[in-house]
Amino acid sequence: MRAYKSKVVTPIRLPDRDERAANLERAGYNAFNLDSSDVFVDLLTDSGTGTMSDAQWAALMRGDEAYAGSESFARLEEAVSDVMGFERLLPAHQGRGAENVLYGALVSEGDYVPNNTHFDTTRAHVANAGAEPVDCPVEGALSGDREFAGDLDVGKVRDLADEVGADRIPAVVVTITNNSLAGQPVSVENLRAAREVADELDATFVVDACRFAENAYFVREREEEFADASVAEVAREQLSYADAVVMSGKKDGLVNVGGFVGLRDDPELDDLFERARERAILYEGFTTYGGMAGRDLAAMAVGLREAVEERYVADRVAQVRRLGELLADRGVPVHRPTGGHAVYVDADAFLPEIPREEFPGQALVCELYREGGVRAVELGSFAFPDSDRPELVRLALPRRTYGADHLEHVAETFEKVAERRDAGEISGLEIVEEPEMAELRHFSAELRPVGE
Ligand code: F0G
C-alpha cells in the first residue's frame, strides 16, 4: 500500500495508436528520441525521475545559495554522516561527477579495478583514468533464484591479484544493488568478504551506494542476522565496511539531481581525500556546493533520511515486486526474484523468433510504446555491442510516482504485444545510423524495421 498521497500532479496523456506509431517512426525506433509528453508510463529510468516529498520541497525553499560554507551543505553533511556513516563529504552534480572525482584521484594508468559489475559510467571513468575495469559477478548470477545474485565473487578478485599483482589494484568496488545484473542485492556477508580482500590487497574499498536503501531492505529480509534490525540500521551496517562511497542522489537520495563522494574520517585516507578535493574543485565546484544549487543539497539531505524510513522502502520494493508478479502471471519471462528498482524482462525468451542481429530487446521496447505508450530501456545487444550479456529490457520504476493502475496498464500492454507476436506481426530492427562510439549508440542511433 502506498504510504503517501498526492498533492501535486502532472497530467499525462496516451496518444492514440496511429500517433504512437508515427512518433516511433519519427524517433528512429529509439525510445531516447521520444518526447516525454508523448509517453504515458515512463519506465526508462528510476534516476532523477521520482517525486519529492512536501518536506523536501520545504527544504528547497530554505536552500542556502552561498558559494562557500553553505548552511545546506552542513545539513547534507549531517545527513550523510547519520544515515550512511561517512564524515567527509564532497558533493557532485550527479553520480558520474562523483565517479570522476574519486576514480580520477584513486586510479592510475595500468591499474585494474574489480567490481561486482561496473555500471556503464563507472566503467567509463575507470577506463578514462587509464585502468582496466574487471567485472567479478558470482558464477551463474542470473541463472537461478539466488537471494544475493548481486554479490562480488571475491575468489575472482584474488585470482586477478595473482595475475596482475596486488599493487596494480588500487580499489575494490561493490555496487549495491547491482544495477547491471537485474538490480540484484548484495549481502552484508559479501561486503565483509570484500573488505577482507581489500585489506589483503591494501586496496581502498569503495561502495557504489546509489540504491543503498533498497539493498538494506533485501538484507533485512534475507539475511538471518538482520531479521530484527531496522532498514536504517542495516543501511549503516552494510556501508560500515567501506572506506568510501560514490553516490547518485538521483536514486536513493530521492532527488532529481545530485550526488557525492563520502569518505571515512581515517588518517590513512587523508591523501586520497586531498587529491579528491582538488579534483572536486576543478571539475564540480567549491567543496561546499560541488556543482549543485544550495536548495538541491538541502532537498537531498531530507531525501536521504526519507529513503531509510520503513514505510517508504517497504512500499518501494513491494511495488517493483508487484509489477514483476503481474508480468509473470501473464507468462512474461521476468527475472525473479525482482530487484529493488526495476523489473528485467528476457527479450530473447519473449520474442524468440527475432534473431540477436535484429535486436529483440529493442524490438520489444518499440512494441511496448506502440501498444501502450510505455517507455522502457534495452540493456542487451543494442546497448552493449559485442558483449555476450543477456538480452534484457528494463522497466525501471520512478520512486513515489506511479500507482497500481499504471502497473496494470503496463501488464495489459505486454498482453497486446504478446498477441501481435503470436500473430507474427512483430519484426526485428536494423540500424540506419549510429554514432562513432558504438558504446553510446543506444542513446542516439536510428533504426528501422527489417524489410521496410
Ligand atoms: N552507478 C550506478 C549503479 C548507476 O545506476 C548510475 C546511474 C550511476 C552510477 C551514475 O549516476 O546517472 O547520477 O550520473 N544509473 C542510471 C540508470 C542512469 O538509468 O540506471 P548518475
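## Rings, helix crossings and unusual backbone spots

Both Tyr-217 and Phe-218 are buried in this predicted model.

User: Happy to start with the rings. How many aromatic pairs does a search of the whole structure find?

Analyst: Glad to help! This is a predicted model, and the search of the whole structure gives an aromatic pair count of 6.

User: Are the rings of Tyr-67 and Phe-286 stacked or edge-to-face?

Analyst: Their centres are 6.0 Å apart, and the planes meet at 25 degrees. Planes under 30 degrees apart count as stacked. With that angle, the pair of Tyr-67 and Phe-286 is therefore stacked.

User: How many residues apart in sequence are the parts that this pair of Tyr-67 and Phe-286 ties together?

Analyst: Tyr-67 belongs to the loop between helix 2 (54–61) and helix 3 (71–84). Phe-286 belongs to the loop between helix 10 (270–283) and helix 11 (294–307). The pair therefore links parts whose separation in sequence is 219 residues.

User: Which residue forms one aromatic cluster with Tyr-67 and Phe-286?

Analyst: Of the two you name, Tyr-67 is exposed, with a relative accessible area of 55%, while Phe-286 is partly exposed at 27%. The residue that completes their aromatic cluster is Tyr-289.

User: And are the rings of Tyr-217 and Phe-218 stacked or edge-to-face?

Analyst: The ring centres of Tyr-217 and Phe-218 lie 6.4 Å apart, with the planes at 80 degrees. An angle over 60 degrees counts as edge-to-face. So the pair of Tyr-217 and Phe-218 is edge-to-face.

User: Which residue has its charged end over the ring of Phe-86, and which lies over the face of Phe-384?

Analyst: For Phe-86, the charged end sits 4.3 Å from the ring centre and comes from Arg-264. For Phe-384, the distance to the ring centre is 3.7 Å, and the residue is Arg-389.

User: On to the helices. Is helix 3 roughly parallel or roughly perpendicular to helix 9?

Analyst: The two axes come within 8 Å and cross at roughly 90 degrees. In helix 3, Ser-81, Asp-82, Val-83 and Met-84 make the contact, and they meet Ala-235, Arg-236 and Leu-239 of helix 9. By class, this contact has 4 nonpolar, 1 polar and 2 charged residues. As for direction, helix 3 and helix 9 are roughly perpendicular.

User: How many charged residues does the contact of helix 8 with helix 12 have?

Analyst: Helix 8 (residues 212–222) and helix 12 (residues 310–329) pack at about 85 degrees, with axes 10 Å apart, which makes them roughly perpendicular. Helix 8 brings residues including Glu-214, Tyr-217 and Phe-218, and helix 12 brings residues including Val-313, Arg-316 and Arg-321. By class, the contact has 6 nonpolar and no polar residues, and its charged count is 7.

User: Now the backbone. Which residue does a cis peptide bond join to Arg-336?

Analyst: Most peptide bonds are trans. Another cis bond runs from Ile-176 to Thr-177, with omega near -20 degrees, and Thr-177 is in the loop between strand 5 (171–175) and helix 7 (188–201). For the bond from Arg-336, omega is about 0 degrees. The partner lies in the loop between helix 12 and strand 9 (342–346), and is Pro-337.

User: Ala-182 has a positive phi; is Ala-182 buried or exposed?

Analyst: Most residues other than glycine have a negative phi. Phi of Ala-182 is near 60 degrees, and Ala-182 lies in the loop between strand 5 and helix 7. With a relative accessible area of 1%, Ala-182 is buried.

User: And Asp-202, is that residue buried or exposed?

Analyst: Asp-202 has a positive phi, near 55 degrees, and lies in the loop between helix 7 and strand 6 (204–208). With a relative accessible area of 72%, Asp-202 is exposed.

Definitions and conventions. Residues are numbered from 1 along each chain as its sequence is written. This is a predicted model: local features need pLDDT of at least 70, side-chain atom pairs count only at pLDDT 80 or more; totals for chains, interfaces and linings use all residues. Side-chain values use heavy atoms; hydrogens and water are left out. Rings of Phe, Tyr and Trp (its six-membered ring) pair if their centres lie within 6.5 Å; planes under 30 degrees apart count as stacked, over 60 as edge-to-face and the rest as tilted. Helices (H or I, at least four residues) and strands (E, at least two) are DSSP runs, numbered from the N terminus. Buried means under 20% relative accessible area, exposed over 50%, partly exposed in between (1.4 Å probe, protein chains only). A charge sits over a ring if NZ of Lys or CZ of Arg is within 6 Å of the ring centre and within 35 degrees of the ring normal. Axes are lines fitted to C-alpha atoms, for helices over the stretch in contact, and angles run from 0 to 180 degrees between N-to-C directions. Angles under 35 degrees count as roughly parallel, over 145 as roughly antiparallel, 65 to 115 as roughly perpendicular and the rest as oblique. Contact means heavy atoms within 4.5 Å. Ala, Val, Leu, Ile, Met, Phe, Trp, Tyr, Cys and Pro count as nonpolar, Asp, Glu, Lys and Arg as charged, and the others, Gly among them, as polar.
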